[in-house]
Amino acid sequence: MIDSSWLTEFPDMSRRDLLAIRQTLDGAYRTFSRAYGQSIEDFFNPLLHFLIWFENLLIQTPWWIVLIAIIGLVYAATRSWKLCTGVLISFLAIGYFGMWEDTMRTLSIITVCTILSICIGIPIGILMAGSDRARSIITPLLDIMQTMPAFVYLIPVVMLLGIGKIPGVIAVVIYAIPPVIRLTNLGIRLVNKETLEAATAYGATATQRLFGVQIPLAMPTIMAGINQTIMMALAMVVVASMIGVKGLGQPVLKSITNQYFTLGLLNGLAIVALAIIFDRVSQTYAKRAQRHMEGSDNG
């Protein structure tokens with residue numbers, strides 16, 4: 001007699017075979033983590049020391065000095081006293097409600113993650129822009145990185161390195177880096193071919209065309225990618241707090257588990273304030289740079 005159960009039930013792998021596959025893959029990853037976990041941890045030690053130093057610098061430095069430095073950086077990037085006033089009020093409110101140290105911890109890890117994402121992402125984006133083959137290989141990986149649930153990144157990282165700052169940094173960078181890669185690739189590919197031909201006619205080498213023509217013209221698009229990367233890094237703050245990353249994410253996580261509405265609201269608003277500050281500053285800087293470049297071209 002023909003088995004017709006497949007008409008009503010989806011044919012699937014037997015539980016025994018599925019269990020064997022899971023045990024094989026889990027065992028292979030455990031073996032890998034035992035063999036190379038310490039070496040990988042040693043490789044990331046300089047980054048850990050820098051992150052701890054930077055965090056301690058922000059926390060131990062008197063608050064008014066940190067605030068002056070932040071306002072100075074904002075003004076240097078934007079030349080806007082209006083924006084500087086908004087940043088000042090935001091940080092004063094954050095400090096007044098007792099969230100200064102957690103904000104400095106979050107600021108330190110977001111800054112480090114953003115710098116790492118830029119240093120890794122822009123070269124990859126340049127590689128994709130210069131090679132269709134590289135783009136065809138990297139694009140599916142970026143699709144996976146952007147659609148994979150954020151919690152999934154924590155599993156292999158924690159199995160490999162345990163809990164702490166470095167696993168958090170790795171998880172944040174993996175989650176946040178795709179926009180800067182994609183938009184760097186897009187920005188460079190959108191540069192006018194006639195402009196590149198003119199640069200070549202004047203004797204510019206490939207390196208000179210890249211750094212003298214393509215990257216400057218693509219900078220607004222690249223800055224948009226950096227902006228999105230910062231936003232995604234901030235979105236990972238609460239998730240990263242699950243593996244021991246201190247900052248504004250831990251009180252939010254605590255408020256979820258203990259149903260502390262006000263605690264979660266205040267720390268959530270502090271994260272929102274940081275996101276808005278990063279967003280406005282990066283956008284204003286990009287517009288200033290674009291205007292400056294256009295003025296140089298006209299001159």
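Helices (H or I, at least four residues) and strands (E, at least two) are DSSP runs, numbered from the N terminus. The model is predicted: local features need pLDDT of at least 70, side-chain atom pairs count only at pLDDT 80 or more, and totals for chains, interfaces and linings use all residues. Residues are numbered from 1 along each chain as its sequence is written, and side-chain values use heavy atoms, with hydrogens and water left out.

**Exercise 1. Describe the make-up of the protein chain.**

Step 1. The protein chain has 14 helices and zero strands.
Step 2. Along the principal axes, its C-alpha atoms fill a box of roughly 85 × 60 × 45 Å.
Step 3. Of the 299 residues, 38% are buried (buried means under 20% relative accessible area, exposed over 50%, partly exposed in between, with a 1.4 Å probe and protein chains only).
Step 4. Among contacts with a separation of 6 or more, 74% join residues 24 or more positions apart; contact means heavy atoms within 4.5 Å.

**Exercise 2. Locate Arg79 and state its backbone and exposure.**

Step 1. Arg79 lies in the loop between helix H3 (63–78) and helix H4 (81–96).
Step 2. Its phi is near 55°, a positive value in a residue other than glycine.
Step 3. Arg79 has a relative accessible area of 47% and is therefore partly exposed.

**Exercise 3. Characterise the packing of H9 with H11.**

Step 1. Two packed helices are described by the angle between their axes and the distance between the axes. Axes are lines fitted to C-alpha atoms, for helices over the stretch in contact, and angles run from 0 to 180 degrees between N-to-C directions.
Step 2. Helix H9 (residues 178–189) packs on helix H11 (residues 206–235) at an angle of about 155°, with the axes 7 Å apart.
Step 3. H9 is therefore roughly antiparallel to H11 (under 35 degrees counts as roughly parallel, over 145 as roughly antiparallel, 65 to 115 as roughly perpendicular and the rest as oblique).
Step 4. The residues of H9 in the contact include Leu183 and Leu186, and those of H11 include Ala218 and Ile222.
Step 5. By class, this contact of H9 with H11 has eleven nonpolar, seven polar and no charged residues (Ala, Val, Leu, Ile, Met, Phe, Trp, Tyr, Cys and Pro count as nonpolar, Asp, Glu, Lys and Arg as charged, and the others, Gly among them, as polar).

**Exercise 4. Repeat the analysis for H1 and H7.**

Step 1. Helix H1 (residues 15–43) and helix H7 (residues 150–161) pack at about 65°, with their axes 8 Å apart.
Step 2. H1 is therefore roughly perpendicular to H7.
Step 3. Among the contact residues are Tyr29, Arg30 and Glu41 of H1, and Pro156 and Met159 of H7.
Step 4. The contact of H1 with H7 divides into eight nonpolar, two polar and two charged residues.

**Exercise 5. Compare the settings of Phe91, Asn227 and Phe10.**

Step 1. Phe91 and Met104 touch the most other members of the largest nonpolar core, which has 79 residues; such a core is a set of buried Ala, Val, Leu, Ile, Met, Phe, Trp, Tyr and Cys residues joined through side-chain atoms within 4.5 Å.
Step 2. H11 gives this core its largest share, eleven residues.
Step 3. Beyond four places in sequence, the contacts of Phe91 include Leu67, Trp100 and Ile277.
Step 4. Asn227, in helix H11, is buried at 9% relative accessible area.
Step 5. Beyond four places in sequence, Asn227 is in contact with Phe278, Asp279, Ser282 and Gln283.
Step 6. Phe10, in the segment before H1, counts as exposed at 74% relative accessibility.
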